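Grab a pencil and work through a few exercises on this protein. Try each task by yourself before you read the solution under it.

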Amino acid sequence: MGSLVSLDRFDLKILDHLQRNGHCSNVELAAAVGLTPSPCLARMKRLQEAGVIRGFDAVIDLARLGHFITAFTEITISEHRRDSFRLFEAAAERCPEIIECYNVTGGCDYILKIVAPSIADFSAILDNLLELDIGIIKFSNRIVLRQPFEARKMQLALTGG
């Protein structure tokens with residue numbers, strides 16, 4: 001985990017605005033947070049250099065590109081050693097259809113979010129993971145039927161007025 005970054009109310013306002021409207025211009029951002037453009041840009045660059053802002057992404061509507069399925073897969077691995085975790089994580093990271101990977105507590109070790117063009121493709125992804133001999137001893141899948149909402153933005157504490 002990286003070191004913590006000290007943030008003031010303007011930094012929090014910048015982050016809050018950018019996570020909702022990352023495509024805005026610096027002039028728009030400055031006006032929205034109550035700064036002039038030059039200090040606003042300097043703050044944004046500082047937040048980027050500190051790793052607080054990791055990037056600006058486009059949100060793609062997959063339904064407009066074709067039929068895709070989304071699934072959440074719970075994975076349990078055989079050995080709970082650092083090397084075993086690294087082996088699994090490296091293999092999961094090489095699979096482009098695995099778009100999120102979480103190491104979790106509870107009844108499994110990992111939860112994967114997988115997006116694939118079809119059930120057959122999803123099944124092939126799982127078969128390929130199992131063939132890699134990366135310690136998977138159990139898996140369980142949840143196919144998404146619908147998504148009532150997505151990607152809520154985190155509420156940032158805007159304290160200090």
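The exercises below go through the sheet, the helices and the pockets of this structure, which is a predicted model.

**Exercise 1. Work out in which order the strands of the open sheet lie, and which of them stand at the edges.**

Start with the order: 4 strands make up the open sheet, arranged 2-3-1-4, and they pair in the antiparallel sense. Now look at the two ends of that row. Strand 2 and strand 4 (136–143) are the edge strands, with a single partner strand each, so one side of each has no neighbour in the sheet. Last, check the twist: from one strand to the next it averages 20 degrees.

**Exercise 2. Find how many bridges join strand 1 to strand 4, and how many join strand 2 to strand 3.**

Take strand 1 and strand 4 to begin with: they pair antiparallel over 7 bridges. If you want a spot to look at there, Ile75 sits opposite Phe139 in strand 4. Next come strand 2 and strand 3, antiparallel as well, with 5 bridges between them. Here you can look for Ile98, whose bridge partner in strand 3 is Ile114. Then follow the chain round the hairpin of strand 2 and strand 3: there are 6 residues between the strands, and Gly106 takes a positive phi near 110 degrees.

**Exercise 3. Decide whether helix 2 and helix 3 are roughly parallel or roughly perpendicular to each other.**

First get the geometry of helix 2 (residues 26–33) and helix 3 (residues 37–49): their axes come within 9 Å and cross at roughly 100 degrees. Angles of 65 to 115 degrees count as roughly perpendicular. Helix 2 and helix 3 are therefore roughly perpendicular. Now see who touches whom: helix 2 brings Asn26, Val27, Leu29, Ala30 and Val33, while helix 3 brings Pro37, Cys40, Leu41 and Met44. Sorted by class, the residues of this contact are 8 nonpolar, 1 polar and no charged.

**Exercise 4. Do the job again for helix 1 and helix 3: what is their angle, and which residues make the contact?**

The angle is about 80 degrees, and the axes lie 10 Å apart. That makes helix 1 roughly perpendicular to helix 3. On the helix 1 side, the contact uses Phe10, Asp11, Ile14, Leu15 and Leu18; on the helix 3 side, it uses Cys40, Arg43, Met44, Arg46 and Leu47. Count by class and you get 7 nonpolar, no polar and 3 charged residues in the contact of helix 1 with helix 3.

**Exercise 5. Describe the largest pocket: its volume, its centre and its lining.**

Begin with the volume, which is about 2,000 Å³ for the largest pocket. There are 49 lining residues, and those closest to the centre are Asp57, Val59, Glu100, Ala151 and Lys153. Then ask which elements take part. Helix 1 (9–20), strand 1 (69–77), strand 2 (98–103) and strand 3 (110–116) each supply at least two residues of this lining. Helix 1 gives the most, with 5 residues. To finish, sort the lining of the largest pocket by class: 27 nonpolar, 12 polar and 10 charged residues.

**Exercise 6. Name the elements that give two or more residues to the lining of the second largest pocket.**

Size comes first again: the second largest pocket holds about 170 Å³ of space. Its lining is made of Glu89, Ala92, Glu93, Ile98, Ile99, Glu100, Cys101, Tyr102, Asn103 and Tyr110. Match those against the elements, and helix 4 (82–93) and strand 2 come out as the ones giving two or more residues. Strand 2 gives the most, with 6 residues. By class, this second lining has 6 nonpolar, 1 polar and 3 charged residues.

Methods:
Residues numbered from 1 in each chain as written. Predicted model: local features only at pLDDT ≥ 70, side-chain atom pairs only at ≥ 80, totals over all residues. Heavy atoms only, no water. 1 Å grid on protein atoms, 1.4 Å probe; cavity = no way out; pocket = protein on both sides within 12 Å on 5 of 7 lines; lining within 4 Å. Points joined across faces, edges and corners; volume = space filled by probe spheres on them. Nonpolar A, V, L, I, M, F, W, Y, C, P; charged D, E, K, R; others polar. Pairing = 2+ DSSP bridges. Axes fitted to C-alpha atoms, helices over the stretch in contact; angles between N-to-C directions. Parallel < 35°, antiparallel > 145°, perpendicular 65-115°, else oblique. Contact = heavy atoms within 4.5 Å.
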